[in-house]
Amino acid sequence: TASLGDVPEDTRVDVLFGDAGERLVASAADLNADLLVLGTYGAGGPGRGAGTFATWCLRRAPCSVLLVDPDRAPGPYKSVVAATDLSKHGAFALPAAVEIAVKDRAELALLHVFQGPWYQVGRILFDDEPSDEFKAEYHALLRAEVIGQLEEHRSELAGLHTRVDTLEARKSGAAIADYVEQHNADLLVMGAHKPGRVRYAV
């Protein structure tokens, strides 16, 4: 029997047989778990983001999921990034990030990456390229909305270093990953959409 180290006496250990992902997700549901913790990648080593198994579980878990980089040193978080797309799902990220930042006395950044509508709908709305003034006004309105989300938590964050950033990018995922790397963040918190099986298959 492997040693579990310094853990509470009532720690439960289960050995499950069958498909690892399905059994793990089902077990989390049976236990009404609040959090499922997984390594970001497995035996295949680091690649481009989370491994296949971690991604599979992340999309199907009935609870929050923490993906842990195995190269991260243990200890409190120092820099936390909460990414929001301003949707109801994205809004779940900020309270969780605030709770962790307050507990660990970490820096907190609230990030919103957007793709301007002039790229999304092209010439349907715009006969010509929008002016720099229009783009700046659009950006300012988005930033004000993001700042408003953070303001709701100002009392909790008293004494902590916080920042708000809004970035325009064609690929949100890549922009968020670059931001995390540039700011040496050791935790990224995001809300997760839970699509149905048909939507996920598409």
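Buried here means under 20% relative accessible area and exposed over 50%, with partly exposed in between. With that in hand, the tour can begin at strand β1 of this predicted model. Strand β1 spans residues 35–39, and its two faces differ in cover: L36 and L38 make up the covered face, while L35, V37 and G39 make up the uncovered one. Strand β1 runs parallel to strand β2 (residues 64–68), to which 5 bridges join it. Within this pair, L36 has V65 of β2 as its bridge partner.

The loop that leads from α1 into β1 is a good next stop. D34 lies in this loop and touches C63 and S64, leaving aside residues up to four places away in sequence. Although D34 and C63 are 29 residues apart along the chain, their C-alpha atoms are separated by 5.5 Å. D34 counts as exposed because its relative accessibility is 67%, and the cut-off for that class is over 50%. N32 is found in the same loop, between α1 and β1. Most residues other than glycine have a negative phi. N32, by contrast, has a positive phi, near 50 degrees. With a relative accessibility of 64%, N32 also counts as exposed.

Helix α1 (residues 20–30) also meets helix α2 (residues 52–60): their axes come within 10 Å and cross at roughly 35 degrees. The crossing is right-handed. On the α1 side the contact involves A20, G21, E22, L24 and V25, and on the α2 side F53, W56, C57 and R60. Sorted by class, this contact holds 6 nonpolar, 1 polar and 2 charged residues.

Attention now turns to the open sheet, where 4 strands follow the order β5-β4-β3-β6 with parallel pairing. Strands β5 (162–168) and β6 stand at the edges; each has a single partner strand, so one side of each is left without a neighbour in the sheet. On average, neighbouring strands are turned by 25 degrees against each other, direction ignored. Strands β3 and β4 run parallel and are joined by 5 bridges, with V81 having A109 of β4 as its bridge partner. Two helices can be followed against this sheet. Helix α5 packs on the sheet and touches β4 and β5, its direction making about 145 degrees with that of β5. Helix α6 (residues 172–182) packs on the sheet too, touching β3, β4, β5 and β6, and its direction makes about 155 degrees with that of β4.

The nonpolar interior can be described next. The largest nonpolar core has 18 residues, and V80, L94, L108, L110 and L150 are those with the most contacts inside it. At least two residues of this core come from each of β3 (79–83), α3 (93–104), β4 (107–114), α5 (132–151) and β6 (187–190). Helix α3 gives the most, with 5 residues. L94 touches A82, L108, L110, Q149, L150 and H153, again not counting residues up to four places away in sequence. Another core, of 11 residues, lies apart from the largest one and has V81, A83, A109 and A175 among its members.

A final stop is the loop between α6 and β6, where N184 is placed. N184 is not a glycine, yet its phi is positive, at about 50 degrees. The relative accessibility of N184 is 64%, and therefore N184 counts as exposed.

Terms used:
Residues are numbered from 1 along each chain as its sequence is written. This is a predicted model: local features need pLDDT of at least 70, side-chain atom pairs count only at pLDDT 80 or more; totals for chains, interfaces and linings use all residues. Side-chain values use heavy atoms; hydrogens and water are left out. Axes are lines fitted to C-alpha atoms, for helices over the stretch in contact, and angles run from 0 to 180 degrees between N-to-C directions. A crossing is left-handed if the near helix is turned anticlockwise from the far one by less than a right angle, and right-handed if clockwise. Contact means heavy atoms within 4.5 Å. Ala, Val, Leu, Ile, Met, Phe, Trp, Tyr, Cys and Pro count as nonpolar, Asp, Glu, Lys and Arg as charged, and the others, Gly among them, as polar. A nonpolar core is a set of buried Ala, Val, Leu, Ile, Met, Phe, Trp, Tyr and Cys residues joined through side-chain atoms within 4.5 Å. Buried means under 20% relative accessible area, exposed over 50%, partly exposed in between (1.4 Å probe, protein chains only). Two strands pair if DSSP finds at least two bridges between them.
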